[in-house]
Each structure stands twice: as structure tokens, then as C-alpha cells.
Amino acid sequence: MPMAEENRNTLPVELIRKDSSLIPPLCLVCKAVNDWTLPLLYHSIKLTTSNQLSKFLSTHDIPNDPIESRFTLVKNLYIGEEPSKQGDLSYGSTAWPLTILSRLLWLCRSTKKLTILNLDQNRWHTFVHAIPASLEDLTMGPVHGPFIPQDLKQVPPLKAFTSVLTYMRDDEVQDIVCYPSMRVFRRILDGSSMAPHWAVEQVGCISKAPSLERLEIVIFGRAAYTAMAASVVRDELKEVTKDPRVVVPEDYRPWLNIVYEEFQDFKLEYLASLETH
């Protein structure tokens with residue numbers, strides 16, 4: 001008897017919520033099961049080591065093979081360390097497989113959200129040609145180097161950019177907020193440093209960005225100190241601009257937890273959207 005439409009939609013969602021390791025074996029059951037589990041399996045991909053990067057590419061980058069099409073199922077790509085696993089992709093490490101990463105980004109043509117952590121600031125420019133035209137949300141850092149969205153060769157409709165622990169020049173900030181599709185520009189900065197104060201001095205350029213909806217200077221760190229630092233920065237902000245689009249949120253989590261949990265949230269939002277259909 002054919003599986004009911006309702007069960008086809010809810011069963012894989014329930015499984016992946018409880019134990020995502022059950023999904024790969026399900027893909028082998030039959031073509032029908034394979035068709036509705038593959039998007040779940042590939043929607044959010046996390047690669048924390050050079051070996052994982054290399055293996056993922058070599059397994060799927062097979063010309064004229066159906067498996068190559070799975071790159072287009074990747075919507076949410078996370079590359080770098082996670083809170084529970086550092087891996088070998090540390091800042092300045094020679095383990096970074098740069099050519100492999102470039103090829104992977106080129107093939108993931110439907111990716112919406114991309115997180116790249118600890119990439120050497122002198123290497124970012126080698127990937128501007130490979131950033132997919134589909135990209136809407138990009139997170140980079142710490143110390144990601146110059147970022148000018150206008151240099152992205154495939155002109156993605158980038159709506160949100162998050163910079164982690166990175167000093168930025170005035171012209172960079174202006175280029176980002178003035179990018180036509182940009183809606184949210186966020187900087188995650190340590191409350192115990194001078195970085196939030198320097199960031200405040202650069203927010204005046206928001207007056208040249210009518211399409212930008214929000215500019216966030218997120219201050220993270222230990223609760224007591226972060227709250228005090230945020231209060232001081234908000235007072236400084238009043239002297240620079242009255243624009244309500246500029247905000248100074250506080251976050252008491254480590255920066256890595258902030259960006260990693262957002263990767264997870266994007267995945268959960270996708271699963272929730274399936275449950276409503």
C-alpha cells in the first residue's frame with residue numbers, strides 16, 4: 001500500500017530530529033524513500049577537518065554521475081571548528097585544503113547560508129570567484145581580512161553579513177552597508193577590547209544606505225562586564241547617530257557558540273517548514 005502523503009512528509013522530519021544518523025541507511029531502502037530523505041541529509045553540511053572537506057568533495061565530484069547533483073541540495077554550509085570539536089582548520093594552519101574548498105564552494109550552487117571560520121585573512125580573496133550566486137547569508141572570522149561584497153564575481157543577493165572579531169576599514173564598512181541587497185550587517189566583538197568603540201565610530205555611513213534594515217554591534221563576553229561595556233558603547237553611539245537601525249545587543253555566549261547555534265537554527269527552521277506543509 002502506498003505510504004500516505006502525510007506520513008511521507010512527517011516521518012523523515014521526526015527521524016532527523018531524534019537521530020540524523022538514521023537517514024543515510026533510509027536512503028538505501030528504495031527510490032521513493034531516497035527522494036524525500038536526500039534533501040534532509042544534505043540541507044545542512046558541517047565540515048570541521050581538512051579530511052572531511054577532502055572526502056566530501058572526492059565522494060561527490062564525479063562528472064556525469066548522479067551523485068554530483070547532490071551539491072545543489074546543500075543550502076547551509078559550515079566550515080571550521082565547532083564548540084565541541086576544534087578540528088585542524090585553525091587560523092593560519094597549513095592543513096586548509098584551499099583548492100578543494102574553492103572547488104566545493106563552486107559546486108554548491110544553491111547554498112543560501114555559508115559560515116567559514118578561521119580562514120587566513122590573506123586567503124579570502126582567492127575564493128571570491130567561487131562564492132555561489134545563490135548566497136544570502138555569510139558569516140566569517142575571526143580576522144577574516146578585507147571583505148568587499150562588490151568583489152564577489154557571481155554577484156549573490158547577499159542579505160546578511162556577520163563579521164567576527166575583525167577590525168574593518170571605514171571604506172569596507174561603507175561598501176558592505178551600501179551593497180544593494182544587504183539588509184543586516186552584524187559585527188560580533190569582544191566587550192573587553194576597544195573594538196566595539198572603534199565600530200561605533202564607523203556607523204555614520206549608514207546614512208548612505210537607505211536599504212539597510214539593521215546594523216548590529218554585538219558585544220559578547222562575561223555577563224557582568226559585557227553589560228557594562230554595552231551600556232558605555234550605547235552612550236557613545238548616541239553621540240554619533242540617532243538612527244534607530246543601529247543597535248548594540250549583548251550576548252553572554254562565546255562567539256563560537258553564537259555562530260554555531262545559528263547554523264543549527266537554520267537547519268531547524270528548514271525542518272519546521274516541512275512540518276507545516
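Buried means under 20% relative accessible area, exposed means over 50%, and partly exposed is in between. Keep these cut-offs at hand for the exercises below, and remember that the model is predicted.

**Exercise 1. Decide whether E136 is buried, exposed or partly exposed, and find its salt-bridge partner.**

Solution.
- Step 1: E136 has a relative accessibility of 26%, so E136 counts as partly exposed.
- Step 2: Look for a side chain that could pair with E136. Side chains of opposite charge can pair when their charged atoms come close.
- Step 3: The partner is K112, and the closest N and O atoms of this salt bridge are 3.7 Å apart.
- Step 4: K112 lies in the loop between α5 and β3, while E136 is in the loop between β3 and β4 (137–141), so the pair ties together parts that are 24 residues apart in sequence.
- Step 5: K112 is partly exposed too, because its relative accessibility is 32%.

**Exercise 2. Describe the salt bridge between R103 and D61, and say where each residue sits.**

Solution.
- Step 1: The side chains of R103 and D61 meet at 2.9 Å, N to O.
- Step 2: R103 belongs to helix α5 and D61 to the loop between α4 and β2; with their positions 42 residues apart, the pair links distant parts of the chain.
- Step 3: R103 has a relative accessible area of 33%, so R103 is partly exposed.
- Step 4: D61, at 22%, counts as partly exposed as well.
- Step 5: For the wider picture, the count of salt bridges comes to 13. R169, D171 and E172 are linked in a network of them.

**Exercise 3. Work out which residues of α5 are buried and what covers them.**

Solution.
- Step 1: The buried residues of α5 are L101, S102, L104, L105 and L107.
- Step 2: Their cover includes β1 (44–47), α4 (50–60), β2 (76–79) and β3.
- Step 3: Now pick out L104. Leaving aside residues up to four places away in sequence, L104 touches L47, L53, F56, L57, F71, L77 and I79.
- Step 4: The largest nonpolar core has 57 residues, and L104 is listed with L77 and W124 as having the most contacts inside it.
- Step 5: There is also a second, separate core of 12 residues, which includes V218, L256, I258 and Y260.

**Exercise 4. Place T111 in the structure and describe its surroundings.**

Solution.
- Step 1: Find T111 in the loop between α5 (98–107) and β3 (113–117).
- Step 2: T111 counts as buried because its relative accessibility is 2%.
- Step 3: Beyond residues up to four places away in sequence, T111 touches V74, K75, N76, L77, P132, S134 and L135.
- Step 4: A polar atom of the T111 side chain lies 3.1 Å from the backbone oxygen of V74.

**Exercise 5. Is S163 buried or exposed, and is Y167 buried or exposed?**

Solution.
- Step 1: S163 lies in strand β5, and its relative accessible area is 0%, so S163 is buried.
- Step 2: The side chain of S163 makes a polar contact with the side chain of H144, at 2.7 Å.
- Step 3: Y167 is in the loop between β5 (160–164) and α6 (170–177).
- Step 4: Y167 has a relative accessible area of 59%, so Y167 is exposed.
- Step 5: Together with M194 and W198, Y167 forms a nonpolar patch on the surface, with about 380 Å² of accessible area.

Definitions and conventions:
Residues numbered from 1 in each chain as written. Predicted model: local features only at pLDDT ≥ 70, side-chain atom pairs only at ≥ 80, totals over all residues. Heavy atoms only, no water. Helix = DSSP H or I, 4+ residues; strand = E, 2+ residues; numbered from the N terminus. Buried < 20%, exposed > 50% of the residue type's maximum accessible area, 1.4 Å probe, protein only. Contact = heavy atoms within 4.5 Å. Polar contact = N/O pair within 3.5 Å; in protein donor to acceptor, adjacent residues only side chain to side chain. Patch = residues over 30% accessible without salt bridge, like charges linked within 9 Å, V, L, I, M, F, W, Y side chains within 5 Å. Areas by Shrake-Rupley, 256 points an atom, 1.4 Å probe, with all protein chains shown as cover. Salt bridge = Lys/Arg side-chain N within 4 Å of Asp/Glu carboxyl O. Core = buried A, V, L, I, M, F, W, Y, C linked by side-chain atoms within 4.5 Å.
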